[in-house]
Amino acid sequence: MFCRVTIKLILVTTMLLFAVCAAATPFVDYEPIAGPGSLFTYYLTVYNNAGTEPLAGLIVWNGNSAFNLDDTSDVNSPLNWGDIPPFPGLDDGLTYFSFDTSTDVPVDSFLGGFSFVSSTDPGTLTGDDFQMVGIGSDDDEQIPLGDAVLHVPEPSALFLLAPGLALLVRRRR
Amino acid sequence: VRVTFFLGGKFLENPPVDDAVSSVVFALSGQAQVTSSTSSSTTYTWVNTGGSMSAFDFRTRNSIASVQVTSLTAIVFSGGDLQISGTGLGMVNGSAQSVLFNFNQTGGVTRYSIQNMSTLTTLAAGVGESGRAGISLSVNP
């Protein structure tokens, strides 16, 4: 019985791993955390999976209209990156930029450390609210990254969880 | 008169040939004098300046921040076009530099350029991307 459950768990975990690896295009994931107060902090990580060039910039396309961001908002960037907040009425986007090519996001790499505080409840996000655009390092042009995806636990974490879950199942029986 | 000026958004180097991106935010509000007025245009010169300007050009990797405007002139044309030019002192890639800047709107198209005042090297420049950049100037007595 134990072996059967373990094999099933390994199969499920492997399928999840393949599902995650299948996202072989650049994308951004986000993890919303409640706070401070009634606000929400959104943590972003950009994955330059199978990208055609390093990424030198990142734009939260609907920064003002979807997240109410402006020049008073609390916005944080990774080391050696900066940001220009949305300008309501003129520019809707929150733009992050890398000061130097050495801090760009290389192909098949990822970079976290982007965050902003917003009054928007993540549960109310719809459609293309969380549309993201990258800036390529080679041609300095925009690269559509689609909608940011909600953060899921890493495959390695699932692998670590699997034996524990298997033990739990075994003990219950 | 009190004149308020905003420019901001995402700009492209030379569309559609070269769509290299730059971002700019510039806001300024202050007292200005009418220094010239004709049937086709009115020129305003700021008598007290301040404001703030930030820009980043992905092609040049120049970051222009904390610009304190030291002079500014705006020409408002009767057809709605704008020509704004001035000087300022700001941080360019972390070092203090004097800059020249020009912003204009002609036929609904917004353009800007920021140059090093000593060398006239272009630090950042672009043409406003449709729907993502703009310029506005309002005058109140």
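Here is a short tour of a sheet in chain A, the interface with chain B, and one residue to finish on.

Before you click, know that this is a predicted model, where local features need pLDDT of at least 70, side-chain atom pairs count only at pLDDT 80 or more, and totals for chains, interfaces and linings use all residues. Residues are numbered from 1 along each chain as its sequence is written, chains are lettered from A and ligands numbered from 1 in the order in which they are written, and side-chain values use heavy atoms, with hydrogens and water left out.

**Stop one: the sheet**

Select chain A and look for an open sheet of five strands, ordered S4-S7-S2-S1-S10 with mixed pairing. Strands here are DSSP runs (E, at least two residues), numbered from the N terminus, and two of them pair if DSSP finds at least two bridges between them. At the edges stand S4 (75–76) and S10 (149–150) of chain A, each with a single partner strand, so one side of each has no neighbour in the sheet.

Now pick residues 27–34 and 40–47 of chain A: these are S1 and S2, which run antiparallel and pair over eight bridges. For one rung, show Val28(A), whose bridge partner in S2(A) is Val46(A).

**Stop two: where A meets B**

Bring chain B into view. Here 25 residues of chain A are in contact with 27 residues of chain B (contact means heavy atoms within 4.5 Å). The two chains bury about 1900 Å² between them, 60% of it on carbon and sulfur atoms; that is the accessible area (1.4 Å probe) lost on putting the two parts together, summed over both. Highlight Phe87(A), Leu90(A) and Asp140(A), which supply 32% of the area chain A buries against chain B, more than any other three residues.

Next, select Asp91(A) and Arg132(B), whose side chains meet in a salt bridge (4.0 Å, N to O). The count between the chains is three, where a salt bridge is a side-chain nitrogen of Lys or Arg within 4 Å of a carboxyl oxygen of Asp or Glu. Colour S3 (55–60) and S6 (94–98) of chain A too: each supplies at least two residues of the side touching chain B, and S6(A) gives the most, with four residues.

**Last stop: Gln131(A)**

Centre on Gln131(A), in strand S8 (residues 131–136) of chain A. Show what surrounds it: Gln131(A) touches Ile59(A), Val60(A), Trp61(A), Asn62(A), Gly146(A) and Asp147(A), not counting residues up to four places away in sequence.
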